Amino acid sequence: MDMFRIQGGRPLNGLVRLDGSKNASLPAMAAGLAIPGGLILRNVPALLDVETMSQLLTSMHVEVQQPRGGEVHIVAGRHTNGVATYELVRQMRASVCVLGPLLGRFGRATVSLPGGCNIGHRPIDLHLQGLAALGADIRLSGGYVTARARRLRGAEIDLGGPFGPTVTGTCNLMMAAVLAHGNTRIRNAAREPEIVDLAALLTKAGGRISGAGTSVIEIEGVESLSDSAVDHTVIPDRIEAGTFVIAGLITTGQLLIPDAPLESLTAFLELLQHMGADISCEAGILRVRGGKRLRSASFTAQPFPGIPTDLQAQLMALLALSEGVSEITDAVFPDRFMHAAELVRLGADIRVFGNTARVQGVRELHGAPVMACDLRASAALVLAALAANGETEIRRVYHLDRGYQGFDVKLSRLGAIVERIQDTPEPSRPLIPPPHFDVDRKSPQPPVAANSEKPANSTESTL
Ligand code: UD1
């Protein structure tokens with residue numbers, strides 16, 4: 001397992017090129033199952049999750065080729081075996097996106113239930129209810145979902161749930177309904193840009209979809225999708241863009257980010273501007289100028305068009321160094337605060353009360369050994385480490401490799417000192433205080449998080 005060793009305190013400067021969106025690429029690859037003529041995807045990032053999706057498709061006897069960087073060719077022939085095994089699904093929840101296209105085109109799918117996750121309880125009940133509304137016979141047995149339908153029928157589907165609309169659920173149902181007999185209306189659909197991108201792909205393949213990007217999506221089912229290859233370029237990754245914006249600010253550097261999907265980041269950028277960040281856009285290039293200490297700000301992560309839950313952890317790292325008190329809640333994954341305790345190890349003053357994290361800004365962070373627990377939490381730790389004085393070691397960075405292409409390489413090009421090293425077996429945390437901290441002394445007190453007694457969860461996160 002790799003880890004990062006980061007020497008913090010250096011401003012990042014220069015130009016960052018974004019890769020294609022992970023969250024758009026994964027359902028797009030699954031959509032290849034529904035297109036008889038095959039699919040050519042461009043701008044697909046080289047990520048562990050993309051590799052896992054390739055393996056999953058290959059395990060179903062789908063032909064997957066990656067002839068050159070960023071390109072993935074997918075041909076799902078008649079012999080596609082619609083079985084997604086636990087071994088692969090447990091590594092990546094987005095594997096569940098194969099359910100819809102398999103059912104729509106082949107009338108059968110057997111897909112493992114994804115299981116536990118570090119960022120909270122993540123059921124797929126809405127996916128299954130939607131497929132059942134389309135006429136699928138759904139059975140759960142031995143940890144697997146088996147879904148069958150001779151031909152799906154258009155239906156009214158409501159994806160309203162207590163935590164907001166489901167993104168991959170909306171993808172799954174669009175990919176199923178596009179091949180159903182008759183019309184489907186999905187109410188309370190997710191509105192994320194990745195949904196719009198998938199709808200654009202399916203439309204190129206002959207699907208009839210309107211309303212993607214709004215909360216009501218209408219689909220007129222067709223007999224079959226394109227017999228010739230469909231060519232689609234995946235949108236840039238808005239979460240990668242947001243992460244680099246914060247990298248510029250937290251290290252007091254100056255970054256230029258061409259082709260940043262600004263319209264997908266409005267609420268996030270508004271929050272940063274409210275904090276006093278100097279961010280502008282000229283000729284399609286996002287310019288971030290760090291330097292001054294930012295003000296605190298409270299926010300709730302929400303479904304699109306709100307501030308994305310996938311940027312909540314990175315924002316927490318930035319707020320940890322801002323002036324004043326901030327409160328953070330996450331309406332999408334209310335328990336997604338495992339990074340708070342690790343940020344505290346770097347000197348942040350964060351307490352978690354129920355579903356709210358209270359961040360008292362500090363002037364400095366200090367390097368320490370920390371543990372990455374999920375993809376975006378890992379990014380938050382890297383950002384904090386870049387700003388911290390001294391050396392930070394971040395273990396389990398494979399989480400980062402799932403969602404950021406060459407993050408360490410990109411950061412190094414901007415002036416960061418980041419070393420990727422082969423981790424030795426994880427040492428248990430020291431039971432005695434390190435030598436520079438005297439327990440008998442009253443001051444300085446180490447910052448303590450309300451949830452810091454929580455043991456590091458070893459469950460894999462598959463966000
Ligand atoms: C997707 C993203 C992930 C992002 C998340 C929320 C991909 C590959 N992943 O995950 O990066 O953090 O959206 O923006 O696109 N829920 C239910 N029942 C369901 C499905 C979901 O109650 O059947 C709940 C979840 O527990 C969660 C909320 O709905 O609280 C949103 O989850 P969802 O949008 O489904 O997340 P994913 O699609 O898995």
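Phe407 counts as buried, at 3% relative accessibility. In this predicted model, Phe407 belongs to a ring cluster with Phe244 and Tyr404. Two further topics follow: the cysteines and a mixed sheet of four strands.

**Aromatic rings**

- Two aromatic pairs turn up in a search of the whole structure.
- In one of them, Phe244 and Phe407 have ring centres 5.5 Å apart. Their planes stand at 75°, which is over the 60 degrees required, so this pair is edge-to-face.
- The Phe244–Phe407 pair links distant parts of the chain, 163 residues apart.
- Phe244 lies in helix α8, residues 238-250. Phe407 lies in helix α14, residues 407-413.
- Phe244 is buried too, with a relative accessibility of 0%. For Phe407 the value is 3%.
- Ring pairs join Tyr404 to the cluster that holds Phe244 and Phe407.

**Cysteines**

- How many disulfides does the model contain? The count is zero.
- Why is Cys97 not bonded to Cys171? The sulfur of Cys171 is the closest cysteine sulfur to that of Cys97, but at 5.2 Å it is too far for a bond. A disulfide needs the two sulfur atoms within 2.5 Å.
- Seen from Cys171, the nearest cysteine sulfur is that of Cys97, and Cys171 is in no disulfide.
- Are these two cysteines buried or exposed? Cys97 is buried, at 0% relative accessibility. Cys171 is buried as well, at 1%.

**The four-stranded sheet**

- The strands run in the order β6-β7-β9-β8. The sheet is open, and its pairing is mixed.
- Which strands stand at the edges? They are β6 (83-84) and β8 (137-141).
- Each edge strand has a single partner strand, so one side of β6 and one side of β8 lack a neighbour in the sheet.
- The partner of β6 is β7, residues 108-112. These two strands pair in the parallel sense, over two bridges.
- Val83 has Thr110 of β7 as its bridge partner.

**A helix on the sheet**

- Helix α4, residues 99-106, packs on the sheet.
- Which strands does α4 touch? The contacts are with β7 and β9 (144-148).
- The direction of α4 makes about 160° with that of β7.

Key: Residues numbered from 1 in each chain as written. Predicted model: local features only at pLDDT ≥ 70, side-chain atom pairs only at ≥ 80, totals over all residues. Heavy atoms only, no water. Phe/Tyr/Trp six-rings, centres within 6.5 Å; stacked < 30°, edge-to-face > 60°. Buried < 20%, exposed > 50% of the residue type's maximum accessible area, 1.4 Å probe, protein only. Pairing = 2+ DSSP bridges. Contact = heavy atoms within 4.5 Å. Axes fitted to C-alpha atoms, helices over the stretch in contact; angles between N-to-C directions.
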